[in-house]
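Visitor: Hi! I've got a structure to look at and no clue where to begin. Can you walk me through it?

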Amino acid sequence: MSMDPHQDFKSEIEQLRSLKPRTPKLDWELIRNASSKGLNSDLAKAERNVVYVHQPRRSAWLAWASGVLVGAAAMFVAVKMMPVNGPSQRTRSLPSVESLASQAAETLGKPKSSEIVSSRGFMRRADLRVVDQMLSLRDGLEVRILTATKLAQAQETSTSNAEEANASSPFDQSMNQPFASPRVITPKAWGAALNEWDKPTT
Amino acid sequence: MSWNYEREIRSFVEQYGSALLLYARQYCSNPDDALQEALIDLARRDTLPDNLLSWMYRVVKNKAMNQTRADKRRSSHQAVVGLANDGWFEEDPAALLDAKEVAEWICDLSPLEREIVTSRIWGDLTFEQIAELTDTSASTAFRLFTKSVEQFRKRFHLHLGDKP
């Protein structure tokens, strides 16, 4: 049998083809209307483009995306503008108030920080006390350092003055002997020291 | 729809409308509606498909099957498809074969054979196109077509008193 069934079954196929299938009953007006509403007319194309531009799904998507962007920008700005409530970088490196308070309390024989935290009023008083102590310590330290610096300069000056005084006045030397203090500041040296004191430090 | 476009569609329907109607008839009870819907889809297109005949067969099949699915919800399958063997072909006293008997023979074929025979004999589709339409191979379509025509030969030659 060949691959062409028309040759093998020619007569049968011709017999069958002699029968004409029933012709369709079509409504051509419907087809024409469908085409005028469809894609073939320019007006329909323009309408379709307009509908496409104003498609609700697309506009909803754009609105959602723009909303997300605006919201993110607003949150970013708000976070940037928000005052920082937490401890700053500087204070974070320092010992906390609680630790200072507990140390002070231990020194003073007071309850520990965990006990202090339970009482806010006591906590505040302890804080103030510790701050006062710290400030006074700092001030005192600064004063001592400054005094030591000035006094070192003044001592140098007084030593030289004393040598001069010893050389010029044997009486003063004899007067100094009973006290056995080689470093006696003379009024002149004291004046020089005060002048040094008044000079601005760098 | 431009005049040229409408003329092409009308010309196509004059040439293949009957075959498409016969093809749709095996799937649904209202093949005219299926063909009408397919032509509406065709009219909505910007241009005609490359292979209009294959495209129309595919669309008519889909429309007819959709119609059957919808009808099945309302009534029994027998009433929907029914394959009523009257009205398949035009009454022609000069025809060599009895239209009703041919319709009965078509109804006795399996659905795939029926699809292949109608699309090949009246639709004039190639076996490659039929294979694409029926989701089979061209060789399978050819084999089933040959088998169906052999059955036809036996049946009608026996009926006419001739030897097969």
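**Salt bridges and more**

Guide: Sure, let's begin with a salt bridge: the side chains of B:Lys147 and B:Glu113 meet in one, with 3.1 Å from N to O. Keep in mind that this is a predicted model.

Visitor: Okay, so where do B:Lys147 and B:Glu113 sit in the chain?

Guide: B:Lys147 is in helix 8 of chain B and B:Glu113 is in helix 6, residues 111-121, so the bridge ties together parts that are 34 residues apart in sequence.

Visitor: And are they buried or exposed? Start with B:Glu113.

Guide: B:Glu113 counts as buried, because its relative accessibility is 5% and the cut-off for buried is under 20%. B:Lys147 comes out as partly exposed, at 39%.

Visitor: How many salt bridges are there over all chains?

Guide: A search of the whole structure finds eight. Three of the salt bridges found by the rule run across the interface of chain A and chain B.

Visitor: Cool, show me one of those. What does B:Arg153 pair up with?

Guide: B:Arg153 forms a salt bridge with A:Glu12, and their closest N and O atoms are 2.7 Å apart. B:Arg153 lies in helix 8 of chain B, residues 138-159, while A:Glu12 lies in helix 2 of chain A, so this pair joins two chains.

Visitor: Is A:Glu12 buried or exposed?

Guide: Buried, with a relative accessible area of 2%. B:Arg153 is partly exposed, at 24%.

Visitor: Got another one? What's the partner of B:Asp32?

Guide: That's A:Arg22, with the closest N and O atoms 3.2 Å apart. B:Asp32 belongs to helix 2 of chain B, and A:Arg22 sits in the loop between helix 2 and helix 3 of chain A, so here too the pair joins two chains. B:Asp32 is buried, at 14% relative accessible area.

Visitor: Let's zoom out to the whole interface. How many residues are in contact?

Guide: 34 residues of chain A touch 44 residues of chain B. Together the two chains bury about 3700 Å², and 63% of that is on carbon and sulfur atoms. On the chain A side, A:Leu16, A:Leu19 and A:Arg22 lose the most area to chain B, together 20% of what that side buries.

Visitor: Why give an interface as an area?

Guide: It's a common way to put it: the size of an interface is often given as the accessible area lost when the parts come together.

Visitor: Fair enough. And how many residue pairs are in polar contact between the chains?

Guide: The count is 12 pairs. As for where chain A touches chain B, helix 1 (5-8), helix 2 (10-18) and helix 3 (28-37) of chain A each supply at least two residues. Helix 3 gives the most, with seven.

Visitor: What about the other side? Which residues does B:Gln36 touch?

Guide: Leaving out residues up to four places away in sequence, B:Gln36 touches A:Lys25, A:Leu26, A:Asp27, A:Leu30 and A:Ile31. You'll find B:Gln36 in helix 2 of chain B, residues 31-44, and it is buried, at 9% relative accessible area.

Visitor: New topic: what is chain A made of, in helices and strands?

Guide: It has 11 helices and zero strands. Of its 202 residues, 19% are buried. Its accessible surface comes to about 15700 Å², with 61% belonging to carbon and sulfur atoms.

Visitor: And contacts inside chain A? What share is between residues 24 or more positions apart?

Guide: 46% of the contacts with a separation of 6 or more.

Visitor: Which residues form a nonpolar patch on the surface?

Guide: A:Trp61, A:Leu62, A:Trp64 and A:Val68 do, with about 480 Å² of accessible area together. A:Leu62 lies in helix 5 of chain A, residues 56-81. With 53% relative accessibility, A:Leu62 counts as exposed, because the cut-off for that is over 50%.

Visitor: One last thing: what's up with phi of B:Asp124?

Guide: Phi of B:Asp124 is near 60°, a positive value in a residue other than glycine. B:Asp124 is in the loop between helix 6 and helix 7 of chain B and is partly exposed, at 44%. B:Asp135 also isn't a glycine, yet has a positive phi of about 60°. B:Asp135 sits in the loop between helix 7 and helix 8 of chain B, and is exposed at 65%.

Terms used
Residues numbered from 1 in each chain as written. Chains lettered and ligands numbered in written order. Predicted model: local features only at pLDDT ≥ 70, side-chain atom pairs only at ≥ 80, totals over all residues. Heavy atoms only, no water. Helix = DSSP H or I, 4+ residues; strand = E, 2+ residues; numbered from the N terminus. Buried < 20%, exposed > 50% of the residue type's maximum accessible area, 1.4 Å probe, protein only. Contact = heavy atoms within 4.5 Å. Patch = residues over 30% accessible without salt bridge, like charges linked within 9 Å, V, L, I, M, F, W, Y side chains within 5 Å. Areas by Shrake-Rupley, 256 points an atom, 1.4 Å probe, with all protein chains shown as cover. Salt bridge = Lys/Arg side-chain N within 4 Å of Asp/Glu carboxyl O. Buried area = accessible area lost by both parts, 1.4 Å probe. Polar contact = N/O pair within 3.5 Å; in protein donor to acceptor, adjacent residues only side chain to side chain.
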